[in-house]
Amino acid sequence: MASRLLNGLFRLAYAFALFVVFALSSYFSFNFFVRRGVTSVPDLAGLTEEAAQALLADHGLALRRQPGGGRNDDTVAAGRILEHRPKPGSLVKRGAAIEVVVSLGQRLARVPDLTGQAVGAVQVSLTSRGLALGQTLAIASGAAEPGNVVAQFPPAEAEVGHGVAVDVLVALDRGSDRFLMPDLVNLRYEPVRRFFESQGLRFGSVTFEPYEGLPAGVVLRQQPFAGHPLSRHQAISLVVSGSAPGV
């Protein structure tokens, strides 16, 4: 009886050993013959196409652009990878192509010429181009009918980011001699100067000072401040980036 039991245990142990050997050989065969040709997809987000192509080549992979071109994005610079398929970390066979979506950069819109238009029409014109109406300030001017735009910032034909607000100056009845001071900060000084002088307004002082990160000729500060009532006889003071002309 004992010998039969021992014999049964021996056969069971032998069968278990065979199973372990088979399982291990299957595992190592799978890794050697199958997984040897598999690689992990690297993260390509934010890379240029050239850098992404070089990184994929190191992994034995190829790059393929998504059909139909790229996509606009406000945060990722033009020419850089937005996303890709398969996703980072996915296992793929060497030689496979990774499909990438390339950023076209921020969507731009061309500012229309709003001069002479009524404010209601201005709103429609800006919205149709993906822009917004910003500050609407009034000025005594004979350049347009009362209620119509006499000036705008940014100017007509400027290319700006999608959703940017355009500020407008609207003509008051010529009998009025007061207007609200517009926000001139970050605007170019020369167009501002020409406009105000064309309206018979004068500058009390214009001083220049260097400002790192800004080109010369940009308004840094103003007096009176934006929204302040200003009469035609009141002087306007500006501080502009850069050096004074002729210095």
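How much of the contact total, among contacts with a separation of 6 or more, comes from residues 24 or more positions apart? In this protein, such residues account for 70% of those contacts.

## The overall picture

Let's begin with the whole protein before turning to its parts. The model is a predicted one. Its secondary structure comes to four helices and 15 strands. Of the 247 residues in the protein, 30% are buried.

## A sheet of three strands

Find strands β12, β15 and β13 in the structure. In that order they form an open sheet of three strands, and the pairing is mixed. Strands β12 (203-209) and β13 (219-223) are the edge strands, each pairing on one side only. On average, and with direction ignored, neighbouring strands of this sheet are turned by 15 degrees against each other.

A helix belongs in this picture too. Helix α4 (residues 189-198) packs on the sheet, where it touches β12, β13 and β15. The direction of α4 makes about 175 degrees with that of β12.

Now look at how β13 meets β15. Strand β15 covers residues 236-241, and four bridges join β13 to it. These two strands run antiparallel. Across from R221 you will find V239 in β15.

## Rings that meet

The count of aromatic pairs comes to four. One of them brings together Y189 and F208: their ring centres are 6.1 Å apart and their planes stand at 85 degrees, so this pair is edge-to-face. Edge-to-face is the term for planes over 60 degrees apart. The pair links distant parts of the chain, with Y189 in helix α4 and F208 in strand β12, 19 residues apart.

Are the two partners buried or partly exposed? Y189 has 11% relative accessibility, so it counts as buried. F208 has 25% and therefore counts as partly exposed. Both residues also belong to a cluster, in which ring pairs link Y189, F195, F196, F203 and F208.

## Open and enclosed spaces

Next, let's look for empty space. The largest pocket holds about 270 Å³ of space. It is lined by 15 residues, and those closest to its centre are Q152, F153, P154, P155 and P191. Two elements, β8 (149-153) and α4, give two or more residues to this lining. Which of the elements gives the most to it? Helix α4 does, with four residues.

The structure also holds one cavity of 30 Å³ or more. The largest cavity has a volume of about 40 Å³. Its lining is made up of Q135, L137, F153, D167, V168, L169, P182 and D183. Strands β7 (132-140) and β10 (165-172) each supply at least two of these lining residues, and β10 gives the most, with three. F153 is worth finding on screen: this residue is among those closest to the centre of the largest pocket, and F153 also lines the largest cavity.

## A serine in helix α3

One last stop is S125, which is found in helix α3 (residues 119-127). Why does S125 count as buried? Its relative accessible area is 13%, and buried means under 20%. Leaving out residues up to four places away in sequence, S125 touches P112, L114 and Q117.

How values were computed
Residues are numbered from 1 along each chain as its sequence is written. This is a predicted model: local features need pLDDT of at least 70, side-chain atom pairs count only at pLDDT 80 or more; totals for chains, interfaces and linings use all residues. Side-chain values use heavy atoms; hydrogens and water are left out. Two strands pair if DSSP finds at least two bridges between them. Axes are lines fitted to C-alpha atoms, for helices over the stretch in contact, and angles run from 0 to 180 degrees between N-to-C directions. Contact means heavy atoms within 4.5 Å. Rings of Phe, Tyr and Trp (its six-membered ring) pair if their centres lie within 6.5 Å; planes under 30 degrees apart count as stacked, over 60 as edge-to-face and the rest as tilted. Buried means under 20% relative accessible area, exposed over 50%, partly exposed in between (1.4 Å probe, protein chains only). On a 1 Å grid over the protein atoms alone, a cavity is a set of points where a 1.4 Å probe fits but cannot get out, and a pocket is an open set with protein on both sides within 12 Å along at least five of seven lines; lining residues have an atom within 4 Å of a point. Grid points are joined across faces, edges and corners, and a volume is the space filled by probe spheres set on the points.
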